[in-house]
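Hello,

Please find the structure for handover below. Have a look at the fold, then read on for what turned up in it.

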Amino acid sequence: MDLLLNAYSNNSDDDEEEEEQKQQKQQPEPKRQRFSIPSSKPQKPILTLPSIPGRYVSKRQRQRFDPLSSLPSPLHPPSPFTLTGSILDADIPRSILPLLKSKAKGHQNLSSIQEKLSMTLYGHTKAVNAIHWSPTHAHLLASAGMDHTVCVWNIWSRGQKKACVLNFHNSAVKDVKWSQQGPLLLSCGYDCTSRLVDVEKGLETQVFREDQVVGAIKFSPDNSNLFLSGGSKGHIKLWDIRTGKVVHNYNRNLGPVLDVEFTMNGKQFISSSDVSGSNVSENSIIVWDVSRQVPLSNQVYVEAYTCPSVRCHPFDSVFVAQSNGNYVAIFTTTPPYRLNKYKRYESHGVSGFPIKCNFNLDGNKLASGSSDGSIYLYDYQSSKVVKKIKAYDQACIDVAFHPIIPDVIASCSWDGRISVFE
């Protein structure tokens with residue numbers, strides 16, 4: 001039995017120290033060495049392992065005498081604001097600059113552009129979740145990435161297209177929106193925050209913290225000091241950036257909020273929630289009263305599909321919802337908020353991706369991304385496909401029409417690329 005115990009027992013550090021003491025008794029005691037200190041300043045002694053041939057050194061002693069083990073590893077976190085180009089419009093061609101500063105929204109402006117716009121932008125190392133044109137600085141495009149960054153692009157610049165990189169989030173960024181008040185950029189993400197950044201100064205001005213992953217944000221159309229946020233716990237909040245506090249809470253035991261959208265008058269908003277984990281699909285799309293914090297209708301869309309995106313028409317009293325059933329459904333924004341059963345936009349694929357859609361300036365076209373990497377342009381009235389553009393090998397996530405120049409559209413991909421073209 002003693003032989004079996006000796007054969008299968010593990011040597012502990014105490015056994016190693018006993019063995020070490022036996023070896024030290026057998027070894028002659030080494031001669032003491034004198035150390036001279038050349039500097040007059042007192043220095044901390046450095047522990048070193050005595051060099052004795054054939055001596056066993058335990059793991060505990062190696063860690064104790066190793067001078068590098070006690071030193072912290074150097075960390076070099078990325079700068080929260082990195083200026084790689086210019087956010088100014090001084091480097092924009094003269095044929096484009098007057099159009100960007102103009103508030104005209106007619107198709108006649110296109111005749112002033114001498115060359116077709118077509119470019120691919122590289123800067124994100126992972127998927128891009130959202131893009132948004134600045135309404136006040138129309139040469140700037142913002143993008144939110146899974147690589148924890150927000151990039152700002154100076155699209156018509158002759159030099160570096162990527163103007164700056166924002167690293168204020170410490171997790172993936174889900175959504176990004178420009179403010180109507182100037183170069184203020186709001187973003188949200190997996191770090192349970194929404195962050196407001198002054199892009200001109202490169203400073204983070206406010207942080208809005210929550211107890212949930214924030215997946216969608218939207219500024220109010222009639223008050224740019226207010227914005228909505230929706231998150232993974234189903235909570236929707238209305239924030240005031242002047243105070244940094246929540247004005248209203250909209251809670252109804254929802255699944256994760258996928259998108260929020262104000263109606264044209266700003267008095268109602270629409271929320272889309274993930275109902276895949278529930279047998280009840282009536283809360284998939286809800287129309288809310290902003291001031292009373294109550295749902296006006298929660299039986300808008302009763303089909304068993306989640307809708308990753310909702311968008312209001314710029315002029316008509318309708319809104320559309322991107323459905324995981326591989327089509328875009330259309331609804332009225334007036335009571336009783338009915339689904340149009342006779343018209344839908346269906347040629348693209350969703351396949352579980354957070355595919356978004358958007359109307360153009362005139363509202364006569366609807367653009368949608370697709371899981372096959374293409375952009376689909378639909379005629380709003382007939383719901384027929386006007387054009388299909390193969391843009392990426394992986395899914396096209398978001399599409400956004402330019403706020404001033406008609407037919408200029410930006411898109412982003414699951415592989416991290418961004419494209420801008422007419």
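First, a term: two strands count as paired if DSSP finds at least two bridges between them. Keep in mind too that this is a predicted model.

**Sheets**

Start with the five-stranded sheet. It is open, its pairing is antiparallel, and its strands come in the order β1-β6-β5-β4-β3. The edges are β1 (81-83) and β3 (128-133), and each of these pairs on one side only. On average, neighbouring strands here are turned by 15 degrees against each other, direction ignored.

Inside that sheet, look at β4 and β5. β4 covers residues 140-145 and β5 covers 150-154; the two run antiparallel and are joined by five bridges. One pair to check on screen is Ala-144, whose bridge partner in β5 is Val-150.

There is also a four-stranded open sheet, again with antiparallel pairing, in the order β15-β16-β17-β18. β15 and β18 (294-297) are its edge strands, each pairing on one side only. Here the twist averages 35 degrees from one strand to the next. Five bridges link β16 (residues 268-273) to β17 (residues 285-289), and these strands run antiparallel. In this pair, Ile-270 faces Val-287 of β17 as its opposite residue.

**Pockets**

How much volume does the largest pocket have? About 1,400 Å³. The lining takes in 43 residues, and the closest to the pocket centre are His-132, Pro-135, Gln-180, Lys-218 and Pro-403. Several elements give two or more residues to this lining, among them α4 (97-101), β3, β11 (214-219), β19 (309-312), β23 (357-359) and β27 (396-401). β7 gives the most, with four residues. By class, the lining splits into 20 nonpolar, 12 polar and 11 charged residues.

The second largest pocket holds about 430 Å³ of space. Its lining has 24 residues, and nearest the centre lie Lys-174, Val-257, Leu-258, Pro-308 and Pro-354. At least two lining residues come from each of β7, β11, β12 (226-231) and β15. The class count for this pocket is nine nonpolar, eight polar and seven charged. Note the overlap in elements: β7, β11 and β15 each give two or more residues to the lining of the largest pocket as well.

**Cavities**

The structure holds two cavities of 30 Å³ or more. The largest cavity has a volume of about 40 Å³. Its lining includes Val-150, along with His-148, Leu-166, Asn-167, Phe-168 and His-169. Val-173, Ser-187, Arg-195 and Val-197 are also part of this lining. Five of the lining residues are nonpolar, four are polar and one is charged.

**Nonpolar cores**

The largest nonpolar core has 29 residues. Which of them have the most contacts inside the core? They are Trp-133, Leu-141, Ile-155, Trp-156 and Val-420. Elements that give two or more residues include α4, β2 (118-121), β5, β28 (409-413) and β29 (418-421). β3 gives the most, with three residues. A second core is separate from this one and has 18 residues, including Phe-81, Ala-130, Val-176 and Val-197. Val-197 also lines the largest cavity.

**Backbone points to check**

Some background: most residues other than glycine have a negative phi, and most peptide bonds are trans. Three spots depart from that.

- Pro-335 and Pro-336 are joined by a cis peptide bond, with omega about 5 degrees. Pro-336 sits in the loop between β21 (327-332) and β22 (339-345).
- Cys-192 is a residue other than glycine, yet its phi is positive, near 65 degrees. Cys-192 belongs to the loop between β8 (184-189) and β9 (193-198). Is Cys-192 buried or partly exposed? Its relative accessibility is 23%, so Cys-192 counts as partly exposed.
- Asp-407 also has a positive phi, near 65 degrees. The loop between β27 and β28 holds Asp-407. The relative accessible area of Asp-407 is 25%, so this residue is partly exposed.

That is the full handover.

Best regards

Definitions and conventions. Residues are numbered from 1 along each chain as its sequence is written. This is a predicted model: local features need pLDDT of at least 70, side-chain atom pairs count only at pLDDT 80 or more; totals for chains, interfaces and linings use all residues. Side-chain values use heavy atoms; hydrogens and water are left out. Axes are lines fitted to C-alpha atoms, for helices over the stretch in contact, and angles run from 0 to 180 degrees between N-to-C directions. On a 1 Å grid over the protein atoms alone, a cavity is a set of points where a 1.4 Å probe fits but cannot get out, and a pocket is an open set with protein on both sides within 12 Å along at least five of seven lines; lining residues have an atom within 4 Å of a point. Grid points are joined across faces, edges and corners, and a volume is the space filled by probe spheres set on the points. Ala, Val, Leu, Ile, Met, Phe, Trp, Tyr, Cys and Pro count as nonpolar, Asp, Glu, Lys and Arg as charged, and the others, Gly among them, as polar. A nonpolar core is a set of buried Ala, Val, Leu, Ile, Met, Phe, Trp, Tyr and Cys residues joined through side-chain atoms within 4.5 Å. Buried means under 20% relative accessible area, exposed over 50%, partly exposed in between (1.4 Å probe, protein chains only).
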